[in-house]
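Thank you for making time this morning. I would like to walk you through a structure that is new to most of us, so please have the view open while I talk.

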There are 2 protein chains.
Amino acid sequence: MELYNYFRSSASWRVRIALALKGLDYDYRPIHLVKKEQNSPEYLETSGTGLVPLLVLDDGTKLHQSMAIIEYLDETFPQPPLLPRDALGRARVRALAQDIACEIHPLNNTRVLGWLKGELGLSEEARNAWIHRWIEGGLEVVDRQLAAQPSTFCHGETPGLADCALVPQIFNAQRFNCRLDHVPHVMRVHAACMSHEAFSSTQPSVCPDAE
Amino acid sequence: MELYNYFRSSASWRVRIALALKGLDYDYRPIHLVKKEQNSPEYLETSGTGLVPLLVLDDGTKLHQSMAIIEYLDETFPQPPLLPRDALGRARVRALAQDIACEIHPLNNTRVLGWLKGELGLSEEARNAWIHRWIEGGLEVVDRQLAAQPSTFCHGETPGLADCALVPQIFNAQRFNCRLDHVPHVMRVHAACMSHEAFSSTQPSVCPDAE
């Protein structure tokens, strides 16, 4: 398999974690988002969407959207499972992952921050207020759920889909100097994940394209 | 079941469509997002997240995040299926839904547009440029995929998860006067959906809280 991704893209990191949890090998194909390589005619031709991450299967099939890719991996390589067996557990894990992937991350990715700075000409202060609003507020929603049903990882004693989403989001929060002392359950789970090799061995700083 | 939702919330409408496709009855509980009822202590207590939609099952279990809710409904009430049987088909449908739910919708929901107007003091022109950028660009990504594998609905000849996401997004696009002539495959699927009762009977204008 080939994974087109960027070391600092948190959606990319989600997939790197899932591949590591499954013990799957892949070729790392860097796409530099800040240099806008994702918008090149070549990558648009390769990807069909211009989005990263993109997983290319051995037969050439192309999959995009990190959560869809992780669910595909979980269905195709079932061990270890990244989603619980029961429908209610799966709904909880998917909702936690989507609380991050649909509510927090889309507001703070490279192209949105680029628009705030470029087209809207926002000051660094106004951009930071924006970032902090969505990350700090969004993580509160996650924390409340982890507090209501505590476990080592987001759901139970083994890492899964929600953890794949959580850890890269905390990396971003720290990079943007967000407040995190109001989300102790999130930070407890984050620490448990970062002591697991699938998370630490795939983090941005150890990627081939790390700067 | 009870569905806490708002007539104009597109994430809410996704769930209304899925419930209608499954032929499931529910009590409609309106939460007025513009009046910020979702932030009331009562609703925060009820929901645990302050988010809509919220589906409360007959035993009191609470589910949030529209795509997680729809997957739960599909697993629990399998007929008619809203996701294909094959893993690659499911990955395609989930990716299409997430192209909308993770890339387009989060940038144009009520609270984000409220921040652009209130905290950032953006003019109507600047807000419209923002809305058009993300909706029109995001729908192009969807259109390219529908063009590559054309069918009556997003995937195949029956409506599913991706259609639940697509139709409410087009409603928003039309409300904000977005250009749509560049996405003919999207509009073809939208027309097919709107001639299906599960979509037309759940649209915002016929909701109990419609204004």
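Which residues of chain A does the UniProt annotation "domain: GST C-terminal" cover? In that record, which is an unreviewed entry, the annotation covers residues 86-211 of chain A. Before going further I should say that this is a predicted model, and that what I describe has been computed from it. Within the model, the span 86-211 of chain A is 62% helix and 0% strand, and its end C-alpha atoms lie 42 Å apart.

The unreviewed UniProt entry also lists "domain: GST N-terminal", which it places at residues 1-81 of chain A. That span is 38% helix and 17% strand, with its end C-alpha atoms 20 Å apart.

Let me turn to the domain assignment of chain A, which gives domain 1 as 2-80 + 199-206 and domain 2 as 87-197. The C-alpha centres of these two domains of chain A lie 19 Å apart, and 19 residues of domain 1 are in contact with 22 residues of domain 2. Between them, domain 1 and domain 2 of chain A bury about 1,900 Å², of which carbon and sulfur atoms give 70%. On the side of domain 1, R14(A), M67(A) and F199(A) supply 35% of the area buried against domain 2, which is more than any other three residues. Across this interface of the two domains of chain A there is 1 salt bridge by the rule. As for a salt bridge in chain A that you can find in the view, the side chains of R94(A) and E71(A) meet in one, at 2.7 Å from N to O.

Staying with chain A for a moment, there is also a salt bridge between D74(A) and K22(A), whose closest N and O atoms are 2.6 Å apart. Because D74(A) lies in helix α3 (residues 66-76) and K22(A) in helix α1 (residues 10-22) of chain A, the pair ties together parts that are 52 residues apart in sequence. Over all chains, the structure holds 20 salt bridges.

Next comes the interface of chain A and chain B, and here one may ask how many residues each chain gives to the contact. The contact takes 42 residues from chain A and 42 residues from chain B. The two chains bury about 3,800 Å² between them, with 65% of it on carbon and sulfur atoms. Of the area that chain A buries against chain B, Q65(A), R111(A) and W115(A) supply 15%, more than any other three residues. The rule finds 8 salt bridges across this interface, and if you look at R94(B), you will see that it forms a salt bridge with E75(A), the closest N and O atoms being 3.0 Å apart.

Finally, please rotate to the sheet in chain B. Here 4 strands form an open sheet with mixed pairing, in the order β2-β1-β3-β4. Its edge strands are β2 (27-30) and β4 (62-64) of chain B, each of which pairs on one side only, and neighbouring strands of the sheet are turned by 20 degrees against each other on average, direction ignored. Strand β3 (residues 54-56) of chain B pairs with β4(B) in the antiparallel sense over 3 bridges, and L54(B) stands opposite H64(B) in β4(B). Lying across β3 and β4 of chain B is helix α3 (residues 66-76) of chain B, which runs at about 125 degrees to β4(B).

Definitions and conventions:
Residues are numbered from 1 along each chain as its sequence is written. Chains are lettered from A and ligands numbered from 1 in the order in which they are written. This is a predicted model: local features need pLDDT of at least 70, side-chain atom pairs count only at pLDDT 80 or more; totals for chains, interfaces and linings use all residues. Side-chain values use heavy atoms; hydrogens and water are left out. Two strands pair if DSSP finds at least two bridges between them. Helices (H or I, at least four residues) and strands (E, at least two) are DSSP runs, numbered from the N terminus. Axes are lines fitted to C-alpha atoms, for helices over the stretch in contact, and angles run from 0 to 180 degrees between N-to-C directions. Contact means heavy atoms within 4.5 Å. UniProt positions are given in the numbering used here, feature names are shortened, and annotations may be inferred rather than shown by experiment. Domain bounds come from an automatic or database domain assignment. Buried area is the accessible area (1.4 Å probe) that two parts lose on being put together, summed over both. A salt bridge is a side-chain nitrogen of Lys or Arg within 4 Å of a carboxyl oxygen of Asp or Glu.
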